Each structure stands twice: as structure tokens, then as C-alpha cells.
Amino acid sequence: MQQQFMQPIIMTVVFITIFYFFIIRPQKKREKQVKDMRSNLKVGDYVVTIGGIQGKIFKIKEDDITIEVGSDKVKLRISRWAIGSVVNK
């Protein structure tokens, strides 16, 4: 009788463990990598925003970044959180 009581608890613990290792842990690791990437930006880096705009960092303030885009060197001011990735050129 006690075995029937323990089986659902064991299955729940196994399910939560699998959920943690396959979903929660990788997501937190990715969030940490993105946060580190955004905090290590420097002038001259080529970046792609989350909207797909590509440009070179021209100026960095605390939460705002100015990037140069296009051949006319148009300057766009964007938020730091809007940087999606750094491109090596």
C-alpha cells in the first residue's frame, strides 16, 4: 500500500528534475551569456540589434548606445538591451 503512495511522488520529482535540466538551466545559462555580452560592449564593435539593424558602435552611455549604420554613417541611438549579438568583422 505504501508503494502505491510513493510512486506518484517519485514520478513528480523525476519530471521536475528533467524539466529543470532541459529547460530552466539552459535558459538561465543563455541569459547570463547575453548579459555578459551586453556589459562587455565597446566602441568599434559591430553589432546586430534584436530588430535586425546592423551597425558599428559609435558611442556608449550608461543604458544608451549610439551606432553608425549604412554607408552614410547614420547614427541611431538605441537601448543597451536591444543589442542581440556582436558580429566579428
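**Note on salt bridges, strand pairing and the nonpolar core**

1. Lys32 counts as exposed, since its relative accessibility of 54% lies over the 50% cut-off. This value, like the others in this note, is computed from a predicted model. The side chain of Lys32 forms a salt bridge with that of Asp36, at 3.5 Å from N to O. Asp36 counts as partly exposed, because its relative accessibility is 35%. Both residues belong to helix H1 (residues 2–39), where a spacing of four residues places them about one turn of the helix apart.

2. The count of salt bridges in the model comes to four. Three are treated here individually, including the Lys32 and Asp36 pair already described.

3. A salt bridge at 3.6 Å (N to O) joins the side chains of Asp64 and Arg77. This pair links distant parts of the chain: Asp64 lies in strand E3 (residues 64–69) and Arg77 in strand E4 (residues 74–79), with their positions 13 residues apart in sequence. Asp64 is partly exposed, with a relative accessible area of 25%, whereas Arg77 counts as exposed at 64% relative accessibility.

4. The side chains of Glu68 and Lys75 also meet in a salt bridge, again at 3.6 Å from N to O. Is Glu68 buried or exposed? Glu68 is buried, because its relative accessible area of 15% falls under the 20% cut-off. Its partner Lys75 counts as partly exposed, at 43% relative accessibility.

5. Strand E1 (residues 46–49) pairs with strand E2 (residues 54–60) in the antiparallel sense, over three bridges. Within this pairing, Tyr46 stands opposite Lys56 in E2. The hairpin of E1 and E2 has four residues between the strands, and Gly52 there takes a positive phi near 100°.

6. Strand E1 is also joined to strand E5 (residues 83–87), by four bridges and in an antiparallel arrangement. The bridge partner of Thr49 in E5 is Ile83.

7. Thr66 is a residue of strand E3. Why does Thr66 count as buried? Its relative accessibility is 13%, which is under the 20% cut-off and therefore meets the criterion for burial. Apart from neighbours within four places in sequence, Thr66 is in contact with Lys56, Ile57, Phe58, Lys59, Lys75, Leu76 and Arg77. Among these contacts, Lys75 takes part in the salt bridge with Glu68, and Arg77 in that with Asp64. Thr66 and Thr49 are 17 residues apart in sequence, and their C-alpha atoms are 12 Å apart in space.

8. The largest nonpolar core has eight residues in all: Leu41, Val47, Ile57, Ile65, Ile67, Val69, Ile78 and Ile83. Strand E3 gives the most to this core, with three residues. In soluble globular proteins, nonpolar side chains tend to be buried together.

9. Which residues does Ile83 contact beyond its neighbours within four places in sequence? They are Met37, Arg38, Leu41, Val47, Val48, Thr49, Ile50, Ile65 and Ile78. Several names in this list recur among the core residues, including Leu41, Val47, Ile65 and Ile78. Ile83 is itself part of that core, and it is also the bridge partner of Thr49.

Definitions and conventions:
Residues numbered from 1 in each chain as written. Predicted model: local features only at pLDDT ≥ 70, side-chain atom pairs only at ≥ 80, totals over all residues. Heavy atoms only, no water. Helix = DSSP H or I, 4+ residues; strand = E, 2+ residues; numbered from the N terminus. Buried < 20%, exposed > 50% of the residue type's maximum accessible area, 1.4 Å probe, protein only. Pairing = 2+ DSSP bridges. Contact = heavy atoms within 4.5 Å. Core = buried A, V, L, I, M, F, W, Y, C linked by side-chain atoms within 4.5 Å.
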